[in-house]
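User: Hi, I'm new to reading structures and would like to go through this one with you. Could we take it one small question at a time?

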Amino acid sequence: MSTTPVIRTRVKICGVTRVEDAIKVVNSGADAIGLVFYPPSPRAVDMQQAADIAAVIPAFVTVTALFVNPTVEQVQSVLDAVRIDLIQFHGDEDDGFCQQFNRPYIKAVRVRQASDMVEACVRFPGALSLLLDSYKPGVPGGTGETFDWSLVPDDLNKPIILAGGLSPVNVATAIRDLHPFAVDVSGGVEADGPGNKGIKDASKIQAFMNEVYRVDNEQHNS
């Protein structure tokens, strides 16, 4: 029997807005959920929603708070009211701002060219990982669009979390091509229909997870 550990791609499901969807995420085997504290987003949650969701998340599933150019007071008010394990910054925050909250953080990079990622590794020494997302003018994230994965350098000195337009259809290819530490999905596991942003579909979540498991096992056995 082989003692070689299986290399497992971690999964974060972002934009959770309901307790019942959080339970679906946990039951699927995902590693983390994301709560959006950015009011312009259709997936934003208020403090009570966030607290109710975080309350049903068990140990070893990471509760992530997403902010875009917040004030110190906005971040701290969330941390004071909601169990938050990790902060995700999606705006123009600098490393000093991101490090002041006594929580680990990850930094989103909206990718236009390879140098964006290389520079972010230098500019954000405190970030645990870089979350790579699609660039769209005026939109901080959640575009539902992929970017050119060939731009991602092989030798970044931080783990990468791949986001931007992932779904059960393309996540296996993404993992096979880039071998990211983790993948992050939101719209790709939501219920169909224009009014359902933030409403997660259990069958799509499971299909996404199954594809992650499949390609991880395929790579381990190849």
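Analyst: Let's start with some ground rules. Helices and strands are DSSP runs, with H or I over at least four residues for a helix and E over at least two for a strand, and they're numbered from the N terminus. This is a predicted model, so local features need pLDDT of at least 70 and side-chain atom pairs count only at pLDDT 80 or more, while totals for chains, interfaces and linings use all residues. Residues are numbered from 1 along each chain as its sequence is written, and side-chain values use heavy atoms, with hydrogens and water left out.

User: Where does Ala-44 lie?

Analyst: Ala-44 has Thr-17, Val-36, Tyr-38, Pro-39 and Gln-49 as contacts (heavy atoms within 4.5 Å), leaving aside neighbours within four places in sequence. Its C-alpha is 10.0 Å from that of Phe-67, which is 23 residues away in sequence. As for its place, Ala-44 sits in the loop between strand 2 and helix 2.

User: Is Ala-44 buried, partly exposed or exposed?

Analyst: The cut-offs come in here: buried means under 20% relative accessible area, exposed means over 50%, and partly exposed is in between (1.4 Å probe, protein chains only). Ala-44 comes out at 24% relative accessibility, so it counts as partly exposed.

User: What is the relative accessible area of Pro-39?

Analyst: Pro-39 is in the loop between strand 2 and helix 2 (47-55). Its C-alpha is 15 Å from that of Gln-88, with the two positions 49 residues apart along the chain. Pro-39 is exposed, and its relative accessible area is 71%.

User: How many salt bridges are there?

Analyst: First the rule: a salt bridge is a side-chain nitrogen of Lys or Arg within 4 Å of a carboxyl oxygen of Asp or Glu. Going by that, the count is 13.

User: With which residue does Asp-31 form a salt bridge?

Analyst: The closest N and O atoms of Asp-31 and its partner, Arg-8, are 2.9 Å apart. Asp-31 is in the loop between helix 1 (19-28) and strand 2 (32-36) and Arg-8 is in the segment before strand 1 (10-13), so the pair ties together parts 23 residues apart in sequence. Asp-31 counts as buried at 16% relative accessibility. The partner is partly exposed at 34% relative accessible area, and its name is Arg-8.

User: Which residues are linked with Asp-21 and Lys-24 in a network of salt bridges?

Analyst: Asp-21 and Lys-24 form a salt bridge themselves, at 3.0 Å from N to O. Both lie in helix 1, 3 residues apart, which is about one turn of the helix. Asp-21 is buried at 0% relative accessibility, whereas Lys-24 is partly exposed at 26%. In the network, they are linked with Arg-18 and Glu-20.

User: Are Glu-93 and Lys-107 buried or exposed?

Analyst: These two form a salt bridge, their closest N and O atoms being 3.7 Å apart. The pair links distant parts of the chain, 14 residues apart: Glu-93 in the loop between strand 4 (86-89) and helix 4 (95-99), and Lys-107 in strand 5 (residues 105-111). Both Glu-93 and Lys-107 are buried.

User: How far apart are the axes of helix 1 and helix 7?

Analyst: Two packed helices are described by the angle between their axes and the distance between the axes. Axes are lines fitted to C-alpha atoms, for helices over the stretch in contact, and angles run from 0 to 180 degrees between N-to-C directions. Helix 1 and helix 7 (residues 202-221) pack at about 25°, and their axes are separated by 10 Å.

User: Which residues in helix 7 do Lys-24, Val-25 and Ser-28 meet?

Analyst: By class, the contact of helix 1 with helix 7 has 5 nonpolar, 2 polar and 1 charged residues (Ala, Val, Leu, Ile, Met, Phe, Trp, Tyr, Cys and Pro count as nonpolar, Asp, Glu, Lys and Arg as charged, and the others, Gly among them, as polar). From the helix 7 side, Lys-24, Val-25 and Ser-28 meet Ala-202, Ile-205, Gln-206, Met-209 and Tyr-213.

User: What is phi of Phe-60 near?

Analyst: Phe-60 is in the loop between helix 2 and strand 3 (62-67). It is exposed, with a relative accessible area of 84%. Its phi is positive, in a residue other than glycine, and is near 75°.
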